[in-house]
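Please open the model in your viewer and keep the sequence panel beside it. The tour below moves from one selection to the next and says what is to be found at each stop.

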Amino acid sequence: MALEDIRIVLVNTSHSGNIGSVARAMKTMGLSKLYLVDPACEVDSHASALAAGATDVLGNAVQVEKLEDAIADCALTIGTSARSRTLSWPMVGPRECAQKLVDGAEQTPVALVFGRENSGLTNEELQLCNYHVCIPANPEYSSLNLAMAVQTLAYETRMTYLDRQEQPVEQDDAQYPTSQQMELFYEHLESTLNDTGFIIKQHPGMVMTKLKRLFNRARPEDQELNILRGILSSINKSIK
């Protein structure tokens with residue numbers, strides 16, 4: 001079942017009540033996998049009270065130290081972003097986000113990531129995501145609390161899932177690398193570009209940030225990533 005492989009990831013949440021409310025929002029839409037990245041609060045009785053009948057989701061939540069740990073085995077990660085960033089990233093709306101999550105979860109775990117209540121996700125965290133999603137709220141008053149944002153995107157995800165049950169679409173048979181595999185590729189790429197002198201270590205600039213944006217947008221398949229790693233290895237051999 002696709003919904004079982006869709007995880008909701010909360011980063012550095014500061015209020016336990018928000019975690020409980022998110023668990024409730026998830027369960028109403030059939031989602032059960034909750035990941036907590038370095039929460040700034042305890043999952044306490046207040047969280048359980050606001051979770052209401054979703055204490056099972058709360059009790060099974062996985063706590064990790066870094067966002068990388070929460071999405072390591074995910075082949076698709078979408079981060080929520082409420083504002084424009086200096087360096088734009090591939091952006092999707094709530095419905096396209098839901099379609100990508102449901103389709104991707106047919107093959108591998110996928111993640112939908114929410115940031116801090118007051119500041120959202122950092123640019124570094126957003127760069128770990130394949131896409132960004134923004135809820136097109138009223139521009140004159142776009143204040144959505146964390147649970148509201150989760151409820152909105154979880155609803156769109158459930159509606160897409162139900163539509164797929166009634167009208168199945170042809171599945172993409174391509175296999176995509178996990179977040180961890182992509183991070184290893186980026187490390188290999190940066191190391192190679194340092195060795196060739198393309199990147200000057202003392203003044204790296206925005207080269208890697210822009211390259212990450214390029215490859216996240218292209219979203220290479222497993223075999224394509226293997227080819228890219230092979231090219232880098234051949235460069236490594238030739239310069240040594």
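Begin by selecting every cysteine in this predicted model: a search of the whole structure finds zero disulfides. Cys74 takes part in none, and the cysteine sulfur nearest to it, that of Cys129, is 10 Å away. Seen from the other end, Cys129 is likewise in no disulfide, its nearest cysteine sulfur being that of Cys74, 10 Å away. Since a disulfide is a covalent bond between the sulfur atoms of two cysteines, no such link needs to be drawn here. Colour these two residues by accessibility next: Cys74 has a relative accessibility of 1% and therefore counts as buried, and Cys129 is buried too, with a relative accessible area of 0%.

**The sheet**

Now switch to a cartoon and select the strands, which form an open sheet of seven in the order E3-E2-E1-E6-E4-E7-E5, with parallel pairing. At its edges stand strand E3 (62–64) and E5, each of which has a single partner strand, so one side of each is left without a neighbour in the sheet. As background for reading the ladder, strands of a sheet pair through backbone hydrogen bonds, either parallel or antiparallel. At the E3 edge, E2 and E3 pair in the parallel sense over three bridges, and selecting Tyr35 together with Val62 in E3 shows two residues that are bridge partners.

Move next to strand E4 (residues 76–80). Is this strand buried or exposed? Five of its five residues are buried, so E4 is largely enclosed by the rest of the structure. Both of its faces are covered, with Leu76, Ile78 and Thr80 buried on one side and Thr77 and Gly79 buried on the other. Toward strand E6 (residues 110–114), E4 pairs in the parallel sense over four bridges, and Ile78 stands opposite Leu112 of E6. Toward strand E7 (residues 131–133), E4 runs parallel as well and is joined by three bridges, with Gly79 standing opposite His132 of E7.

**Two helices packed against their surroundings**

Select helix H1 (residues 16–28) and place a distance label between its end C-alpha atoms. At 1.5 Å a residue its 13 residues should span 18 Å, and the ends are 19 Å apart, which agrees. Its buried residues are Ser16, Gly17, Asn18, Ile19, Gly20, Val22, Ala23, Ala25 and Met26. To see what covers them, show the neighbouring elements, which include strand E1 (6–11), strand E2 (33–37), helix H2 (45–51), helix H3 (55–59) and helix H7 (146–166). Just after H1, Gly30 adopts a positive phi of about 85°.

Go on to helix H5 (residues 94–104), where Pro94, Cys97, Ala98, Leu101, Val102 and Gly104 are the buried residues. The elements covering them include E1, E4, strand E5 (91–92), E6, E7 and H7.

**Two loop residues with positive phi**

Most residues other than glycine have a negative phi, and most peptide bonds are trans. With this in mind, select Asp38, in the loop between E2 and H2, which has a positive phi of about 45° although it is not a glycine. At 44% relative accessibility, Asp38 counts as partly exposed. Then find Arg219, in the loop between helix H9 (207–218) and helix H10 (222–239); this residue, also not a glycine, has a positive phi near 50°.

**The two domains**

Finally, colour the chain by its domain assignment, which gives domain 1 (6–166) and domain 2 (179–239). The C-alpha centres of the two domains lie 29 Å apart. Where they meet, 14 residues of domain 1 are in contact with eleven residues of domain 2, and the two bury about 1,200 Å² between them, 54% of it on carbon and sulfur atoms.

A last selection is Gln127, found in the loop between helix H6 (123–126) and E7. Which residues does Gln127 touch, not counting those up to four places away in sequence? They are Trp89, Thr209, Lys212 and Asn216. With a relative accessibility of 17%, Gln127 counts as buried.

Note on methods
Residues numbered from 1 in each chain as written. Predicted model: local features only at pLDDT ≥ 70, side-chain atom pairs only at ≥ 80, totals over all residues. Heavy atoms only, no water. Expected span 1.5 Å × (residues − 1). Buried < 20%, exposed > 50% of the residue type's maximum accessible area, 1.4 Å probe, protein only. Contact = heavy atoms within 4.5 Å. Pairing = 2+ DSSP bridges. Disulfide = S-S within 2.5 Å. Domains from an automatic or database assignment. Buried area = accessible area lost by both parts, 1.4 Å probe.
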